[in-house]
Structures are given as C-alpha cells and as structure tokens.
Amino acid sequence: MTRKAAIIGGGVIGGGWAARFLLNGWNVSVFDPDPQAERKISEVMANARAALPALSDVPMCAEGVLSFAQTITEAVEGAHYIQESVSERLDLKHRVFAQIQQSAELGTPIGSSTSGFKPSELQENAANPATIFVAHPFNPVYLLPLAEVVPSPKSDPAVIENAKTILREIGMFPLHVRKEIDAHIADRFLEAVWREALWLVKDGIATTEEIDEAIRMGFGLRWGQMGLFETYRVAGGEAGMKHFMAQFGPCLTWPWTKLMDVPEFNDELVDLIAGQSDAQSGHHTIRELERIRDSNLIGFLRALKDRNWGAGKVLREHDAARAVAFHAEIDTAPKAEPLVLAHMQVLPVWIDYNGHMTESRYYFANSETVDAFLRLIGAGMDYVAAGNSFYSAETHIRHLGEAKLGDKLTGTIQIISADEKRFRSFVRIMKGDDCVATIEQLCLHVNMATGKSAPASAEVWGKLKAIADGHAALPLPEGAGRAVGQKK
Ligand SMILES: NC(=O)C1=CN([C@@H]2O[C@H](COP(=O)(O)OP(=O)(O)OC[C@H]3O[C@@H](n4cnc5c(N)ncnc54)[C@H](O)[C@@H]3O)[C@@H](O)[C@H]2O)C=CC1
Ligand SMILES: C[N+](C)(C)CC(=O)CC(=O)[O-]
C-alpha cells in the first residue's frame with residue numbers, strides 16, 4: 001500500500017519535504033494558500049528529480065502522486081505522516097496544529113519544521129500534545145539527511161519512534177535531541193556563526209563574499225566530513241583533544257567572538273548585507289544557485305558514500321534497505337518470460353557530448369540487470385565473500401535507440417542457455433515499450449581461489465536451472481548471436 005504524507009506549508013522547506021517523500025514512493029498532499037505554491041513546488045520537484053537519483057545505486061522506487069488540497073482537512077485525511085512547514089510564527093503554527101488535529105487520525109505523527117521553537121511551545125493548548133514534535137530538516141531537504149527530532153516530556157515515545165522509522169525509510173538521519181532547547185542543536189550553532197558573520201560585515205572587516213571564501217576554502221570542507229570535535233581532535237596532533245583544549249582553551253576568554261552581542265538589525269544592516277550578496281551572486285537566479293548547490297552536494301555526498309563515511313554511510317544504508325524491498329517484489333516463479341530486474345533513470349552524468357546516454361552506461365545498465373539476476377539466484381555478495389563468483393567472458397552491445405536525460409529505463413533478462421559452469425544472458429534495455437539496446441553476455445562461474453572456472457554450488461545452479469528451463473520455451477531473441485557489422 002502506498003502511504004500518504006501531508007505537507008502543510010509548501011514553501012522552501014515544505015517543497016523539499018514533498019520532494020523527498022514523493023521520490024521515496026509516498027503519495028503527498030500539500031496544503032498552502034499561496035496561489036504560487038503549485039508552481040514553486042513543481043520547480044523544486046524538477047531540481048529534486050535531477051538530484052536525488054544521482055545519489056542512489058539502487059533502482060529508485062516509482063514516484064508517488066502529488067496533489068494539492070483545498071483545506072488542511074483534505075490534506076491530512078488518511079495521512080500516515082504530517083509535516084508542518086508554515087512560516088516561523090508561533091500563533092500561526094498553533095492555529096495550523098488545531099486544524100490538523102481536528103481531522104488527523106489519532107496517533108499520526110505531526111512533525112514541525114520549526115527552526116527554533118521548542119516542542120513544548122508548539123504543543124501549548126493542543127488537543128493532543130503527545131503527537132506534536134519537532135522534525136527540523138536542512139535545506140535542501142531532498143538531499144541533506146539530517147532531521148533533528150525533538151520531543152518534549154509530553155510526547156508519546158511510540159509516536160517519536162514511528163516518526164524516526166519513517167524518516168529513515170525516506171533516507172533521512174533522525175538525530176534524537178534528548179533535551180528540548182530553543183533552536184535545537186544545529187541552529188544554535190548556525191546562529192552563532194551567523195551572528196559573527198553579521199558583525200564582520202557591519203564592522204567593515206569582510207564582505208559577504210570574503211566570509212563565504214573563508215568557509216568554503218577551508219573549515220567548511222572539514223566540517224562536512226568530520227564535524228567539529230573530530231576535526232579538532234586531529235588538530236591537537238598526536239596528543240589529541242587534551243592538547244588541543246590546553247592550547248586553544250584560553251582563547252575562549254580572549255576577545256575573539258562577539259557571541260552575545262547582536263548587531264542592531266536595522267535597514268542599514270539589511271541593505272549592506274543584501275547589497276553585497278547581490279554583488280556576489282546576483283548574476284545567478286535562485287533556481288540556478290539551487291542547481292549549482294545540488295550538483296556540488298551530490299559530488300561531495302558521493303565521495304562520502306564511496307568512503308562509507310558520515311552522510312555517505314546513511315546513503316549506503318538507505319540503498320541496502322531499498323535493495324531488500326526491491327528484490328522482495330520480484331516474481332521469481334520460473335516462467336516463459338524475461339525477468340524485469342532493474343529500474344534506472346538517465347542521470348546528468350550519464351549524458352555525453354552527443355547529448356544522449358553515453359556508451360559505457362549501456363554496459364552499466366547491463367551490469368545492474370545481471371547483478372540483480374545474480375542476487376536472485378543466490379550469487380550475491382555473501383556468495384562472493386565465500387570465494388565463488390561469476391565473471392563476464394564476452395559481451396556484445398547493440399544500440400537500437402536513444403536514451404535522453406531523465407528517461408526511465410528498465411532492464412530485462414532472458415537466459416538463452418545455462419549449465420553448471422556458465423550462462424548466456426540476453427538483456428534488453430527498455431524505454432517504455434521501445435528497446436534502446438540489447439546486451440548479450442557469457443558469464444563463467446569461477447572459483448576465486450584458483451581463478452579457474454568451476455561448477456556453481458548446488459543451490460545456485462538449482463535456481464539458475466529453474467529460470468533457464470522456464471526461458472527455454474521462449475524463441476531465441478532477434479539479434480542473439482550477431483557478429484559486429486553483420487547485415488540483417
Ligand atoms: N528556509 C530554511 O532554511 C529553513 C526553514 N525551516 C523552517 O521551515 C518552516 C518554513 O520555512 P520556509 O519554507 O523557509 O518558509 P517559506 O516562507 O518559504 O514558506 C512558508 C509557507 O507557508 C505557507 N503558509 C502560510 N500560512 C499557511 C497556512 N495557514 N497553511 C498552510 N501554509 C501556510 C506560505 O504560503 C509559504 O508558502 C519554518 O518554520 C522555518 O523555520 C527549517 C529549516 C530550514
Ligand atoms: C536559517 N535557518 C535558521 C532557517 C536555517 C535552518 O533552520 C536550517 C538550515 O537549513 O540551515
């Protein structure tokens with residue numbers, strides 16, 4: 001059953017939540033009285049569709065259905081999760097919670113995106129305070145995994161655990177904030193940095209651009225992978241944190257920060273900051289800046305994913321969970337039809353100078369399909385770890401059509417022949433009903449210790465044979481066994 005999320009408030013953050021839920025297969029109903037909300041969300045969705053799949057090495061699930069509700073009642077009806085993302089005003093949030101709780105099913109988690117209000121403040125005068133909590137995300141919500149989950153003493157622990165499970169399912173990292181506090185953990189920290197930056201500009205020490213360079217050329221890069229304390233531990237040299245504290249602790253009493261002083265927030269300061277920011281970045285539209293930000297984040301997150309580190313570890317765990325769900329849905333009963341084993345989307349990095357999917361990605365699409373087949377017959381990573389594997393011996397690709405950016409592709413596999421030591425597969429890469437490529441391949445079963453071909457285990461061979469027997473009733477595919485350049 002496809003689950004439903006209700007997003008109340010569809011601005012910058014509500015739009016990001018909607019994208020994250022939709023791309024993870026949830027249906028989403030948005031309520032926002034702004035007549036521009038639908039247009040804005042469709043623009044956020046376009047950016048999200050180009051960005052989130054680029055982090056995934058597992059087929060994305062089918063996108064959920066997006067709808068726009070006329071009332072909060074309509075949006076929350078039948079919702080399994082509700083996220084409030086209206087403007088940062090406590091009176092407005094209270095009114096919205098009252099309307100949500102008139103119609104939401106009892107026990108449905110109601111997360112608030114609030115950057116600074118405590119959950120006990122949000123719960124004031126609520127009909128059912130136990131289901132309201134803070135789920136504070138980071139922009140762009142569809143790419144950054146962190147959601148600070150902050151309960152109050154009145155929160156129902158079961159609702160909080162359910163919410164954390166849901167957030168993990170959509171690829172997020174719920175950080176349970178144990179004690180409620182204004183601005184939670186991260187915004188308290190960001191506020192301090194923001195305050196210092198305003199002083200630096202107001203006092204004419206640095207421009208907005210110079211401050212951004214100071215962050216992105218140096219410590220910002222470190223923070224993204226190790227955070228603050230692990231970074232400083234390393235900075236303490238071999239003696240670690242104790243030495244770091246001894247050396248830099250005294251500076252805390254020196255006049256290095258203006259932490260509790262706020263520059264007067266008047267028109268002059270706003271114009272100074274906004275003017276410098278326009279000079280720095282005004283040649284880009286906000287949507288362009290969002291796309292630049294997203295592609296930088298993708299590169300950064302992919303590097304962390306390769307290293308199974310920090311936010312990259314969350315991505316790997318999310319892939320692993322989705323791979324299990326994806327394989328559970330495959331109908332493995334032997335029958336006379338090719339198996340549909342891979343779902344892919346043509347990503348920006350797959351496009352070449354001819355403006356279409358580059359040739360190496362066809363081989364990749366074949367590998368995705370064949371690897372899924374190997375997992376299906378029990379020759380996945382556990383089998384490889386035990387010293388057995390299938391190696392590719394020969395491959396022939398035919399390019400029959402074009403795949404373009406954003407196209408959704410499916411990989412199907414037909415087993416042409418098989419014995420205990422090998423199988424010959426015929427993969428079709430389909431764009432809807434059109435076959436854009438076929439890939440024929442011979443795979444040999446190898447004992448990895450000897451590096452020689454050897455019979456597969458009885459279990460793997462049994463599953464391979466059952467599928468090959470089912471496929472024996474199929475005609476030999478058109479194009480199978482062709483040589484390069486052969487006339488039709
Ligand atoms: N912008 C940011 O960087 C972040 C913001 N947040 C929090 O997310 C929440 C939303 O902030 P943004 O998306 O930035 O603001 P925004 O101004 O982009 O969006 C707020 C939306 O709420 C809608 N709205 C107003 N009254 C409403 C009502 N009665 N029912 C439904 N919708 C209503 C507005 O039409 C608007 O589209 C705030 O609580 C904010 O603190 C959290 C993380 C980051
Ligand atoms: C500026 N802000 C307080 C709204 C920022 C956040 O809440 C989180 C973010 O995405 O930086």
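User: Which helix holds Phe 248?

Analyst: This is a predicted model. Phe 248 falls within the run of residues 240-248. That run is helix H10.

User: Is Phe 248 buried, partly exposed or exposed?

Analyst: The relative accessibility of Phe 248 is 34%. Buried means under 20% and exposed means over 50%. Because 34% falls in between, Phe 248 counts as partly exposed.

User: Which residues make the nonpolar surface patch of about 380 Å²?

Analyst: Phe 248, from helix H10, is one of them. Two tryptophans join it in the patch. The members are Phe 248, Trp 254 and Trp 256.

User: How far is the polar side-chain atom of Asp 32 from an oxygen atom of ligand 1?

Analyst: Ligand 1 has 21 residues around it, and Asp 32 is listed with Ile 13, Glu 88, Lys 93 and Ser 115 as coming nearest. The Asp 32 contact is made through the side chain. Its distance is 2.6 Å.

User: Which backbone has a polar atom 3.0 Å from an oxygen atom of ligand 1?

Analyst: Lys 93 reaches an oxygen atom of ligand 1 with a polar side-chain atom, at 2.7 Å. The 3.0 Å contact instead uses a polar backbone atom. That backbone belongs to Val 12.

User: What share of the area that ligand 1 exposes when taken alone does the protein bury?

Analyst: A polar side-chain atom of Lys 93 lies 2.7 Å from an oxygen atom of ligand 1. Taken alone, ligand 1 exposes 830 Å². The protein buries 74% of that.

User: Which element gives the most to the shell around ligand 1?

Analyst: Elements giving two or more residues are helix H1 (12-23), helix H4 (90-103) and strand E6 (132-137). The top contribution is 3 residues. It comes from H4.

User: How many residues of the shell around ligand 1 are charged?

Analyst: The shell includes 9 nonpolar residues. Another 8 are polar. The charged ones number 4.

User: Which residue is the charged one in the shell around ligand 2?

Analyst: The shell has 2 nonpolar, 3 polar and 1 charged residues. Its members are Ser 115, His 136, Phe 138, Asn 139, Asp 187 and Leu 190. Asp counts as charged, so the residue is Asp 187.

User: What share of the accessible area of ligand 2 does the protein cover?

Analyst: Side-chain N or O atoms of His 136 and Asp 187 each lie 2.7 Å from an oxygen atom of ligand 2. For Ser 115 the distance is 2.9 Å. On its own, ligand 2 has 320 Å² of accessible area. The protein covers 55%.

Methods:
Residues numbered from 1 in each chain as written. Chains lettered and ligands numbered in written order. Predicted model: local features only at pLDDT ≥ 70, side-chain atom pairs only at ≥ 80, totals over all residues. Heavy atoms only, no water. Near = heavy atom within 4 Å. Polar contact = N/O pair within 3.5 Å; in protein donor to acceptor, adjacent residues only side chain to side chain. Areas by Shrake-Rupley, 256 points an atom, 1.4 Å probe, with all protein chains shown as cover. Patch = residues over 30% accessible without salt bridge, like charges linked within 9 Å, V, L, I, M, F, W, Y side chains within 5 Å. Salt bridge = Lys/Arg side-chain N within 4 Å of Asp/Glu carboxyl O. Helix = DSSP H or I, 4+ residues; strand = E, 2+ residues; numbered from the N terminus. Buried < 20%, exposed > 50% of the residue type's maximum accessible area, 1.4 Å probe, protein only.
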